[in-house]
Amino acid sequence: MTDETLSFLSPFAGGTSVGVAIEVPAPWSTALRGLRERVEGHAGQEIIPPHITLVPPTTLPTYDLTDVERHLARAARTVAPFRVELAGPGTFRPTTQVVYAALAQGAQECDALQRAARRGPLAQDLRFDYHPHVTVAQDAAPDLLDSAEAALEAFHAVFAVTGFQLYELGPDDVWHTMRTFPLAGRA
């Protein structure tokens, strides 16, 4: 995955694909979704709400998520609820064709949470260093990426993160929330 966002992946026979993320709440998710739809042209085709990825799509050899859920419950106990502030644009260009809403606050907590979550049954090496963000445009024409970047100049959102979600890729190629894990670490 070029930007570690949850995207189309198909589970292999006998297993399932999962991902772990922090959802951006409304009303900011609505604004980000609208911008992404305008840039990428996927109106009405939401495969996952705007989010900050903690564990990128991971294919597991089983449908049984008991160990994954136990592991994520432990990970949720390592970080206290925290605040995220999204402010302005960021980009991974020219390495990958991605424009995102940048974190002005909360990156350290996201990093701690992804390190705790990306162990045990979800252990994996990342293709790129972890950089928490909310993807708004990906693999679009350069002028559309420029447009998304310009639109994010005035974007600002502040919200409390009190938990994160485990998603599973369904046969409809849509990521479905399987469970929410409340953060329970000490501040």
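A crossing of two helices is left-handed if the near helix is turned anticlockwise from the far one by less than a right angle, and right-handed if clockwise. Keep that in mind for the helix stop below.

**Before you click**

You're looking at a predicted model, where local features need pLDDT of at least 70, side-chain atom pairs count only at pLDDT 80 or more, and totals for chains, interfaces and linings use all residues. Residues are numbered from 1 along each chain as its sequence is written, and side-chain values use heavy atoms, with hydrogens and water left out.

**Whole chain**

Start with the cartoon. The chain has four helices and eight strands; these are DSSP runs numbered from the N terminus, with helices being H or I of at least four residues and strands being E of at least two. Follow the elements from the N terminus and you get β-α-β-α-β-β-α-β-α-β-β-β.

Now colour by accessibility. Of the 187 residues, 49% are buried, where buried means under 20% relative accessible area, exposed over 50%, and partly exposed in between (1.4 Å probe, protein chains only). Contacts here mean heavy atoms within 4.5 Å. Take those between residues at least 6 apart in sequence: 78% of them join residues at least 24 apart.

**The four-stranded sheet**

Select E1 (16–23), E2 (51–60), E7 (163–169) and E8 (175–182). They belong to an open sheet with the order E2-E1-E7-E8 and antiparallel pairing; two strands pair if DSSP finds at least two bridges between them. E2 and E8 are the edge strands, each pairing on one side only. On average, neighbouring strands in this sheet are turned by 20 degrees against each other, direction ignored.

Walk across from the E2 side. E1 and E2 are joined in the antiparallel sense by seven bridges. To see two of the facing pairs, show Ser17 opposite Thr59 of E2 and Val18 opposite Thr58 of E2. Despite its place at the edge, E2 is mostly covered, with nine of its 10 residues buried.

Next, E1 against E7: an antiparallel pairing over four bridges. Val18 turns up again here, since its bridge partner in E7 is Glu168.

**E7, then the hairpin**

Which residues of E7 are buried on each face? In a regular strand the side chains alternate between the two faces of the sheet. For E7, Gly163, Gln165, Tyr167 and Leu169 are buried on one side, and Phe164, Leu166 and Glu168 on the other. That's seven of its seven residues.

Slide over to E8. E7 and E8 pair over seven bridges, again antiparallel. Display Phe164 opposite Phe181, then Leu169 opposite Trp175.

The E7–E8 hairpin has five residues between the strands, and Asp173 takes a positive phi near 60 degrees there. Click on Asp172 in the loop between E7 and E8. Is Asp172 buried or partly exposed? At 44% relative accessibility, Asp172 counts as partly exposed. Try a distance label too: Asp172 and Ile47 are 125 residues apart in sequence, but 9.2 Å apart in space, C-alpha to C-alpha.

**H2 and H3**

Two packed helices are described by the angle between their axes and the distance between the axes. Select H2 (66–76) and H3 (107–117): they pack at about 150 degrees, with axes 9 Å apart. That makes H2 roughly antiparallel to H3. For the terms, angles under 35 degrees count as roughly parallel, over 145 as roughly antiparallel, 65 to 115 as roughly perpendicular and the rest as oblique. Axes are lines fitted to C-alpha atoms, for helices over the stretch in contact, and angles run from 0 to 180 degrees between N-to-C directions.

Rotate until one helix lies in front of the other: the crossing of H2 and H3 is right-handed. Show side chains for His71, Leu72 and Ala75 in H2, which meet Leu113, Ala116 and Ala117 in H3. The contact divides into five nonpolar residues, one polar and no charged; Ala, Val, Leu, Ile, Met, Phe, Trp, Tyr, Cys and Pro count as nonpolar, Asp, Glu, Lys and Arg as charged, and the others, Gly among them, as polar.

**Last stop: the buried side of H2**

Select Val68, His71, Leu72, Ala73, Ala75 and Ala76, the buried residues of H2. What do the buried residues of H2 pack against? Turn on their neighbours and you'll find E1, E2, H3, E7 and E8.
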